Amino acid sequence: MVIRGNLSEGNPTLPEDTDEYTFGFYRNDIDKYYAGTFESTDSGKILTTEIGDLLPNKSYSSDISFFIEKKSKTLYRSTQNTDSFVTNPIKLYQSYSATQTTLTIKSSDDYAPILDGTFEPDADFSELYFDDKKIETFPYTIENLHGADEYIPVYKVFKKGDQTIRSNTCFSCCRSIHLNQQAIETSPTSITIQASYTKGDANISRFEWEGYDETSDKLVLTGLDPGCITSVKIRAFYDDGYPTDSYIKNYQTSALELKTVKPRNVSATASVFSANTNIDDRESSRIGFQWCESVDQAVNEGKAAIYDGLMEARISDLRPSTEYRVRAFYKSDSGTYYYGGWLTFDMSEFSYTEPTVHTYSIDAVVSDNTAEVRGYIMAGTDDIIRQGFEYSPLASQSAPKRKYVALSQTPSVVFATGQVMTATLTDLQPATTYVIRTFAETKTGIIYGDERIFTTCGVDGVGEITANDSERIAVAYYDLWGRRYDKPQRGVNIIVYDDGSVEKSVIK
């Protein structure tokens, strides 16, 4: 190894005629002198000497002295001007097979030393250790590891005469679990993010989204500012609670569209305010309308809901034959308001209007016996007496041939409240296809919303049903989101026949 010493002027005072003197370094441990050469630099005289017979990965600063000698007589010796140094460790070439949780060493030769020629260990001695325990038999498998998130203390011991030298700890790693996240749905105010990871023999028990109370592989962010960037950080946990590395990704919401449209007066004192928008329908707590009689008056504010891009709210206790101003708004979680334009309308004219009734797509997780459902109810001229959901299984193939009716004569009923109402359906049958619709009852009758279908877990999708096609008539077509059509659509169709049987068909 080459070592260098800095001899500044006066420490010691160098003789003017250096040709008669020998300069170098002395090893105290083996009583040996190594002559060197001088080089003049801006910082002083630099003495360079090459010293051999050193051991790997050892500090020699306390064993090395600078010396000045004349005619084999030592005139000066000191360690004060010697740079502290440590020799390089023995590195190992690693060869092994690995999974996400295991590492297998086939033989001791799989960890061969990488030598620089300055040190040659005794060829007949080398031992391999894992975590300070000698490996006696091969192949040797290390289990319960955590991919690249964990260092594995494997090292080798060599001998050189009576000296024992240990290689540096070998930071071997098994195959990594790579986390990924991507947006599967984006709006001006919300982002739905799906997490995934490389599959292997490691089991992930839960995810952690930093700053959010969510442990599943899906995160839904709402209340965001339009056109803004949000940074999302995620990590996962093994079954034993060990965490993976974190993964950060940035997402940007889209531009906001919000246009106030002319209200519909449903009575002398009530009006339905509306706006066209691309805001996500889950933002019912952050959207609404502001209204007032004139520019100088205080502004009133009321909540709204969204279905299929239309924001609506029924506002009562307005003054008959009075002119009002109205505009739509969205308020993000940051407290920022975003507005549609002001519109002027007059309460002098109104007409009878039935309730608005819709059924949202079934986008929540459906288990083998439960489902989360959402509906949209907004009163028209008459007050709502009762509202909720009706649901029942689709008729089986064995049912007698009859004209198809979406819901049975005695459907199950769940009552709910609110413009956007929610309910949890329980005690459902596994692997069963259900049809559901919302309803609103007024003094004039019952109004029904869209029909949606969903299948509980237990089988992969809707099973194929064998039937006599010549005797069946298709009466309804649904897509994978439960929307009903009168005729087949391109893509996957779930077809309901007049005898109650169901099958899937793909139209390209």
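**Entry 1: Glu312**

I started with Glu312, which comes out as buried because its relative accessibility is 4%, under the 20% cut-off. I should jot down early that this is a predicted model. Glu312 belongs to strand β29, residues 310–315. Which side chain does the side chain of Glu312 make a polar contact with? I found Arg264, at 3.2 Å. Then I listed what else touches Glu312, skipping neighbours within four places in sequence: Arg264, Val272, Phe273, Ser274, Phe289, Ala304, Ala305, Thr356, Tyr376, Met378 and Gln419.

**Entry 2: Tyr376 and its ring partner**

Tyr376 was among the contacts of Glu312, and I wanted to see its ring. First I looked up the total, and the structure holds 18 aromatic pairs. I took the pair of Tyr197 and Phe207 as a warm-up: the ring centres are 6.3 Å apart and the planes sit at 50 degrees, so I wrote it down as tilted. Tyr197 is in strand β19 (residues 191–197) and Phe207 in strand β20 (residues 204–209), so this pair ties together parts 10 residues apart in sequence. Both Tyr197 and Phe207 are buried.

Back to Tyr376: it forms an edge-to-face pair with Tyr360, with 6.5 Å centre to centre and 75 degrees between the planes. That pair links distant parts of the chain, 16 residues apart, with Tyr360 in the loop between β33 (356–359) and β34 (371–378) and Tyr376 in strand β34. Buried or exposed, I asked of Tyr360? Tyr360 is buried, at a relative accessible area of 2%. Tyr376 is buried as well, with 0%.

Two other contacts of Glu312, Phe273 and Phe289, turned up in a ring cluster. Ring pairs link them with Trp291, Tyr324 and Phe345.

**Entry 3: Charges over rings**

I went back to Tyr197 and found the charged end of Lys199 over its ring, 4.2 Å from the centre. I noted a second case at Trp342, where the charged end of Arg325 sits over the ring, 4.0 Å from its centre.

**Entry 4: Salt bridges**

How many salt bridges does a search of the whole structure find? I got 13. I looked up a few of them.

- Lys233 and Glu210 meet through their side chains at 3.6 Å, N to O. Lys233 is in strand β22 (residues 229–238) and Glu210 in the loop between β20 and β21 (218–221), so the pair ties together parts 23 residues apart in sequence. I have Lys233 down as partly exposed, at 26% relative accessibility.
- Arg286 and Asp333 have their closest N and O atoms 2.8 Å apart. The pair links distant parts of the chain, 47 residues apart: Arg286 is in the loop between β25 (271–277) and β26 (287–292), Asp333 in the loop between β30 (323–331) and β31 (337–339). Arg286 counts as buried at 16%, whereas Asp333 counts as exposed at 53%.
- Arg319 and Glu293 meet at 3.1 Å, N to O. Arg319 is in the loop between β29 and β30, and Glu293 in the loop between β26 and β27 (300–303), 26 residues apart. Arg319 is partly exposed at 48%, and Glu293 is partly exposed at 23%.

I also noted a network in which salt bridges with shared partners join Glu185, Asp280 and Arg282.

**Entry 5: Strand β2**

Last, I checked β2 (residues 22–27), which is mostly covered, with 5 of its 6 residues buried. β2 pairs with strand β6 (residues 64–70) in the antiparallel sense over 6 bridges, and I found Arg27 opposite Ile64. β2 also runs antiparallel to β3 (residues 32–35), joined by 4 bridges, with Phe25 opposite Tyr34. In that hairpin, 4 residues lie between the strands, and Asp31 takes a positive phi near 55 degrees.

Methods. Residues are numbered from 1 along each chain as its sequence is written. This is a predicted model: local features need pLDDT of at least 70, side-chain atom pairs count only at pLDDT 80 or more; totals for chains, interfaces and linings use all residues. Side-chain values use heavy atoms; hydrogens and water are left out. Helices (H or I, at least four residues) and strands (E, at least two) are DSSP runs, numbered from the N terminus. Buried means under 20% relative accessible area, exposed over 50%, partly exposed in between (1.4 Å probe, protein chains only). A polar contact is a pair of N or O atoms within 3.5 Å; within protein, one must be able to donate a hydrogen and the other to accept it, and residues adjacent in sequence count only if both atoms are side-chain atoms. Contact means heavy atoms within 4.5 Å. Two strands pair if DSSP finds at least two bridges between them. Rings of Phe, Tyr and Trp (its six-membered ring) pair if their centres lie within 6.5 Å; planes under 30 degrees apart count as stacked, over 60 as edge-to-face and the rest as tilted. A charge sits over a ring if NZ of Lys or CZ of Arg is within 6 Å of the ring centre and within 35 degrees of the ring normal. A salt bridge is a side-chain nitrogen of Lys or Arg within 4 Å of a carboxyl oxygen of Asp or Glu.
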